[in-house]
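Trainee: Could we go through this structure together? I would like to begin with the ligand and its surroundings.

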Amino acid sequence: MPKTAICAGSFDPPTDGHINIVERGLKVFDRIIVAVAVNTSKKPIFDAEERIGMMRKIFANHDKVEVDAFEGLLVDYARAKGVHTILRGLRNMGDYEYESQMALANKTLDPDVEILYMMTEGKYAHLSSSIIKEIITFGGSGCGMIHPVVEEALRKKLRNRE
Ligand code: ADP
């Protein structure tokens with residue numbers, strides 16, 4: 001049976017750190033479902049359709065990556081998909097604290113789910129969606145940090161907000 005994992009997040013916007021986790025995840029899993037959280041408490045700059053659209057463009061040539069959206073609890077989504085493995089990235093102790101809480105909560109909600117963590121690669125350790133928004137807002141380049149599709153969308157979004 002093919003091994004599938006769900007890589008879930010807000011991806012507001014996706015960064016090269018997120019992309020790297022999915023690409024490395026494909027060394028371990030046969031298929032990855034990138035699940036974009038529709039409801040996020042983080043007040044997203046991009047709506048769900050925009051975040052999904054960026055992910056679909058980024059992974060257009062990866063036939064082993066499916067991009068989907070989910071609402072509500074991740075464990076409910078995973079169960080509905082028939083997938084029991086969730087893949088997440090870890091950068092630092094801040095991520096560890098948040099992720100360990102989430103993992104324990106998810107495990108309590110569904111003991112069948114397994115949440116696996118992949119350590120970021122050093123060059124992506126500083127990358128977060130919020131840092132990217134700040135860099136682009138103040139005219140910096142996203143080179144080496146975000147996909148050109150994301151940079152273009154972010155510049156457009158910020159222009160329209162002015
Ligand atoms: P969420 O709102 O669900 O935390 P994010 O889009 O912020 O969603 O992050 C999704 C996942 O990607 C999380 O596991 C996060 O720790 C991980 N992640 C974020 N940035 C990086 C990065 N630069 N390198 C590796 N993992 C990352």
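Mentor: Certainly. The residues of the shell around the ligand comprise six nonpolar, six polar and five charged ones. Please keep in mind that this is a predicted model.

Trainee: Understood. Which residues come nearest to the ligand?

Mentor: There are 17 residues around the ligand, and S10, K42, G89, T120 and Y124 come nearest.

Trainee: What is the distance from a polar side-chain atom of R88 to an oxygen atom of the ligand?

Mentor: That distance is 3.1 Å. Two acidic residues also belong in this picture. A side-chain N or O atom of E99 is 3.1 Å from an oxygen atom of the ligand, and for D95 the corresponding distance to a ligand oxygen is 3.4 Å.

Trainee: How much of the ligand does the protein bury?

Mentor: The protein buries 90% of the 550 Å² that the ligand exposes when taken alone.

Trainee: And where does the ligand sit?

Mentor: The ligand sits in the largest pocket. Four elements give two or more residues each to the shell around the ligand: β1 (4-9), α1 (16-25), β4 (85-90) and α4 (93-109).

Trainee: Let us turn to that pocket itself. How much space lies in the largest pocket?

Mentor: The largest pocket holds about 1100 Å³ of space. Its lining has 43 residues, and those closest to the pocket centre are G9, S10, K42, R88 and Y98.

Trainee: Which element gives the most to that lining?

Mentor: That is α4, with eight residues. The elements that supply at least two lining residues each are β1, α1, α3 (74-81), β4, α4, β5 (114-119) and α5 (129-137).

Trainee: How does the lining of the largest pocket divide by class?

Mentor: The lining of the largest pocket has 21 nonpolar residues, 15 polar ones and seven charged ones.

Trainee: What about the second largest pocket: how much space lies there?

Mentor: About 160 Å³ lies in the second largest pocket. Its lining consists of M1, P2, K3, T4, R31, K81, G82, V83, H84 and T85. By class, three of these lining residues are nonpolar, four are polar and three are charged.

Trainee: A change of topic: backbone geometry. Is the peptide bond from D12 to P13 cis or trans?

Mentor: The bond from D12 to P13 is cis, with omega near 0°. P13 is placed in the loop between β1 and α1.

Trainee: What is the sign of phi at F11?

Mentor: F11 has a positive phi, about 50°, although F11 is not a glycine. The place of F11 is likewise in the loop between β1 and α1.

Trainee: Why single out such values?

Mentor: Most residues other than glycine have a negative phi, and most peptide bonds are trans.

Conventions: Residues are numbered from 1 along each chain as its sequence is written. This is a predicted model: local features need pLDDT of at least 70, side-chain atom pairs count only at pLDDT 80 or more; totals for chains, interfaces and linings use all residues. Side-chain values use heavy atoms; hydrogens and water are left out. A residue is near a molecule or strand if one of its heavy atoms lies within 4 Å of it. A polar contact is a pair of N or O atoms within 3.5 Å; within protein, one must be able to donate a hydrogen and the other to accept it, and residues adjacent in sequence count only if both atoms are side-chain atoms. Accessible areas come from the Shrake-Rupley method with a 1.4 Å probe; for residues, only the protein chains shown count as cover. On a 1 Å grid over the protein atoms alone, a cavity is a set of points where a 1.4 Å probe fits but cannot get out, and a pocket is an open set with protein on both sides within 12 Å along at least five of seven lines; lining residues have an atom within 4 Å of a point. A molecule sits in a cavity or pocket if more than half of its atoms lie within 2 Å of its grid points. Ala, Val, Leu, Ile, Met, Phe, Trp, Tyr, Cys and Pro count as nonpolar, Asp, Glu, Lys and Arg as charged, and the others, Gly among them, as polar. Grid points are joined across faces, edges and corners, and a volume is the space filled by probe spheres set on the points.
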